[in-house]
Amino acid sequence: MENSTKNVLIVGVGGQGAILASNILSEVAMASGFDVKKNEAHGQSQRGGTVPSHVRFGRRVYSPVIGIGEADVVLAFEELEGLRFSHFLRRDGRLILNRQRIYPARVTSGIDRYPEDVASMLREDGIEVVDVDALGVADRLGNPLVVSTVLLGVLSNYLDFSARRWKGVIRKVVPEKHRKINLDAFEAGRVLLRNG
């Protein structure tokens, strides 16, 4: 890796596993010898609020916060969160968008409408969007809670870390009784784009 900092912004809502995903990514980067800084906000997460987690890694990182227009990748666990945080992407950045909708209170109460086609809206803004049905994959594996590990598998295709390193960290971080399904979910995410 060149002497620059990589910026990955992981966004979701409370309970989706965005914090666990950012912890795993941070561990993978540290195990690869990089300086890592991480910052997260989850004050309203238990009420279904937004959970953004900034992960920055490189030879030397001085700040844990990704500035607007600086993210190499935004990994969005939910469509509206992808739309909400897309302005953090750099001009040549990439947004990985999970095709999952979690309706906020303003939508369920009829005050606002949920956007119809978020992926198309983002593409019309010139953003490179990788949209995936990670929740569908997690459901097929038998546990919707592993959606975060499926998304890490997708993300792993865009970062220079070996699958072996990712899997080593997953084995270390995830409790033994959930280890196999998380490893399966990670592998399913890695091949998701190849399989359509």
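How many nonpolar, polar and charged residues does the lining of the largest pocket have? In this predicted model, the lining has 10 nonpolar and nine polar residues, with no charged residues. The pocket itself holds about 270 Å³ of space. Of its 19 lining residues, those closest to the centre are Leu-20, Leu-145, Val-146, Ser-148 and Asn-182. Helices H6 and H8 (176–195) are the elements that give two or more residues to this lining.

A good place to continue is the packing of helix H1 against H6. Helix H1 spans residues 18–31 and helix H6 spans residues 147–156; their axes come within 9 Å and cross at roughly 40°. The two helices are therefore oblique to each other, and H1 passes H6 in a right-handed crossing. On the H1 side, the contact is made by Leu-20, Ala-21, Ile-24 and Leu-25, while H6 contributes Ser-148, Leu-152 and Leu-155. Sorted by class, this contact has six nonpolar residues, one polar residue and no charged ones. Two of the names have already appeared at the pocket: Leu-20 and Ser-148 are among the lining residues closest to its centre, and both also take part in the contact of H1 with H6.

Helix H1 also meets helix H7, which covers residues 163–173. Here the axes come within 9 Å and cross at roughly 125°, which makes H1 oblique to H7. This crossing, too, is right-handed. From H1, the residues involved are Leu-20, Ile-24, Leu-25, Glu-27, Val-28 and Ala-31, and they meet Arg-165, Trp-166, Val-169, Ile-170, Lys-172 and Val-173 of H7. By class, the contact of H1 with H7 has nine nonpolar and three charged residues, and no polar ones. Leu-20, Ile-24 and Leu-25 of H1 thus appear in the contact with H7 as well as in the contact with H6.

Helix H6 has a further partner in helix H5, formed by residues 134–141. The axes of H5 and H6 come within 8 Å and cross at roughly 120°, an angle that makes H5 oblique to H6. H5 passes H6 in a right-handed crossing. In this contact, Ala-134, Leu-135, Val-137 and Ala-138 of H5 meet Val-147, Val-150 and Leu-151 of H6. The residues of the contact divide into seven nonpolar, no polar and no charged. On H6, then, Val-147, Val-150 and Leu-151 meet H5, whereas Ser-148, Leu-152 and Leu-155 make the contact with H1.

Notes
Residues are numbered from 1 along each chain as its sequence is written. This is a predicted model: local features need pLDDT of at least 70, side-chain atom pairs count only at pLDDT 80 or more; totals for chains, interfaces and linings use all residues. Side-chain values use heavy atoms; hydrogens and water are left out. Axes are lines fitted to C-alpha atoms, for helices over the stretch in contact, and angles run from 0 to 180 degrees between N-to-C directions. Helices (H or I, at least four residues) and strands (E, at least two) are DSSP runs, numbered from the N terminus. Angles under 35 degrees count as roughly parallel, over 145 as roughly antiparallel, 65 to 115 as roughly perpendicular and the rest as oblique. A crossing is left-handed if the near helix is turned anticlockwise from the far one by less than a right angle, and right-handed if clockwise. Contact means heavy atoms within 4.5 Å. Ala, Val, Leu, Ile, Met, Phe, Trp, Tyr, Cys and Pro count as nonpolar, Asp, Glu, Lys and Arg as charged, and the others, Gly among them, as polar. On a 1 Å grid over the protein atoms alone, a cavity is a set of points where a 1.4 Å probe fits but cannot get out, and a pocket is an open set with protein on both sides within 12 Å along at least five of seven lines; lining residues have an atom within 4 Å of a point. Grid points are joined across faces, edges and corners, and a volume is the space filled by probe spheres set on the points.
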